[in-house]
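Thanks for coming, everyone. Let me put the structure up, and then I'll walk you through it.

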Amino acid sequence: MLRNREFRITLLIMCGITLAAAAAVFFLPIPPIIIVLIASLLLIACCYLFTRWRYREMEKLSGYLRNIASGNYTLDVRDNEEGELSILKNEIYKVTLRLSEQSTLLQQDKLRLTDAISDISHQLKTPLTSMLVMVDLLSHPELPDAKRTEFTNNIRIQLERIEWLITSLLKLSKIDAGAIQFKKEPVRVEQLLHKALGPLLIPIDIKELSLEIHGDPEAAFTGDLNWMTEALINLLKNAVEHTNDGGRITIQYEENPLFTVIEIADNGQGIAKEDLPYIFRRFYKGKNAGDSSVGIGLAMSHSIITSQDGTLDVSSLPGEGTRFRINFYKRVI
């Protein structure tokens, strides 16, 4: 309490009044009862003024807090003085800054949510419109059987696309919300690649791509095998889709004392320089993106890898190919 400047001043004044009253009793020809009465009145007045000042400061703080509650974070209550009240003002100011930062983040999240809903609506609108048209055509009694089969297959394809989109968005939402508990277990890179390449062997064969894999069979890292499989499938699928027929995909991996690295390279179309900073942003489609691309796969891969304390980097030159590099660093204990 003594570190409060205003309390020290009040205490000194009250001590001065007491000493002056004591001296007056011995040296002044005034009845002691009158001196005690005057001293008591002065002490009461001193306590009253000090208490009034404190309540006035508290009232100012109450008004400041009401402004904060109404969303005004621009006021500065600090006075840079000593004392408990000044410390309280500084703490309230720090809380105000944190609330202001959180309010800004909430506004940014709100804008991102609005953009995401808009993007999702756009992505769903295209296949739904296409299916509505084909359903109308299927209801025509004179539609040839060949066309009826074609439209039915197209509807099935569009439905599969919608299902994939919704499933991917749900997975991304769970990752962003921290609702997924990634396993932390040893993952052998060779096993991971074997599992990720399985669904893509037929597209690779159809496009007659050459697949080269080089690495240490014992290389491993700590992570979640199933989720990393999904991340690698998206990266490999990107390489397959953007590599011309007869092209080449190379996978290299190794483990050293610092980290485990996996590199996926192709000699395909490459990525434009202006697109590189944004390719991991969901719903972003670069110049070379296909018509069926919705900009989800790379965003999901990035979220899965970074959520497991990994890094995903990309380098590319238009017309020369693209290289993705995944690093999983060793934990220092």
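**Helix α8 and what surrounds it**

Start with α8: G297, L298, A299, M300, S301, S303, I304 and I305 are buried there. Keep in mind that this is a predicted model. That makes eight buried residues out of the ten in α8, so the helix is largely enclosed by the rest of the structure. What covers those buried residues? The cover includes α4, α7, β6 and β7. Helix α8 spans residues 297-306 and packs on the sheet, where it touches β6 and β7. Its direction makes about 145° with that of β6.

Now step back for the overall picture. The protein has eight helices and seven strands. There are 333 residues, and 33% of them are buried. The exposed area is about 21,100 Å², with 60% of it supplied by carbon and sulfur atoms. For the contact map people: take contacts between residues at least 6 apart in sequence, and 70% of those join residues at least 24 apart.

Next, the sheet. In what order do the five strands run? The order is β2-β4-β5-β7-β6, the sheet is open, and the pairing is mixed. Strands β2, residues 210-215, and β6, residues 310-317, sit at the edges, each pairing on one side only. From one strand to the next, the twist averages 10°.

Look at β5 and β7. Strand β5 covers residues 259-266, strand β7 covers 321-329, and the two pair antiparallel over eight bridges. Two positions to click on. V261 has N327 in β7 as its bridge partner. D266 stands opposite T322, also in β7.

Helix α5, residues 189-197, packs on the sheet too. It touches β2, β4 and β5, and its direction makes about 155° with that of β4.

Back to β7, on its β6 side. Strands β6 and β7 run antiparallel, joined by eight bridges. T311 stands opposite N327 in β7. So N327 is worth a second look: V261 is its bridge partner, and T311 stands opposite it. The two strands β6 and β7 form a hairpin, with three residues between them. In that turn, G319 has a positive phi of about 85°.

On to the packing. In soluble globular proteins, nonpolar side chains tend to be buried together. Here, the largest nonpolar core has 44 residues. Which residues have the most contacts inside it? They are L192, F221, M228, L232, I262, I304 and I326. The elements giving two or more residues to this core are α4, α5, α7, β4, β5, α8 and β7. Helix α7 supplies the largest share, with nine residues.

Zoom in on L232. Leave out residues up to four places away in sequence, and L232 touches L192, L193, A196, I264 and I326. Two of those contacts, L192 and I326, are themselves on the list of residues with the most contacts inside the core.

There is also a second, separate core of seven residues. Among them are L138, L143, I155 and I162.

Now over to helix α2, residues 32-69, where we find L61. Buried or exposed? L61 counts as buried, because its relative accessibility is 6%, and the cut-off for buried is under 20%. L61 and L88 lie 27 residues apart in sequence, and their C-alpha atoms are 9.4 Å apart in space.

Last item: the cysteines. How many disulfides does the structure hold? Zero. Take C15, which is in no disulfide. Its nearest cysteine sulfur is that of C46, at 9.8 Å. C15 counts as partly exposed, at 38% relative accessibility. C47 is in no disulfide either. For C47, the nearest cysteine sulfur is again that of C46, here 5.9 Å away. The cut-off for a disulfide is a sulfur pair within 2.5 Å. C47 also counts as partly exposed, at 36% relative accessibility.

To wrap up, three things to remember. One: α8 is largely enclosed, with eight of its ten residues buried. Two: the five-strand sheet is open and mixed. Three: the largest nonpolar core has 44 residues, and its largest share comes from α7.

Methods:
Residues are numbered from 1 along each chain as its sequence is written. This is a predicted model: local features need pLDDT of at least 70, side-chain atom pairs count only at pLDDT 80 or more; totals for chains, interfaces and linings use all residues. Side-chain values use heavy atoms; hydrogens and water are left out. Two strands pair if DSSP finds at least two bridges between them. Helices (H or I, at least four residues) and strands (E, at least two) are DSSP runs, numbered from the N terminus. Axes are lines fitted to C-alpha atoms, for helices over the stretch in contact, and angles run from 0 to 180 degrees between N-to-C directions. Contact means heavy atoms within 4.5 Å. Buried means under 20% relative accessible area, exposed over 50%, partly exposed in between (1.4 Å probe, protein chains only). A nonpolar core is a set of buried Ala, Val, Leu, Ile, Met, Phe, Trp, Tyr and Cys residues joined through side-chain atoms within 4.5 Å. Accessible areas come from the Shrake-Rupley method with a 1.4 Å probe; for residues, only the protein chains shown count as cover.
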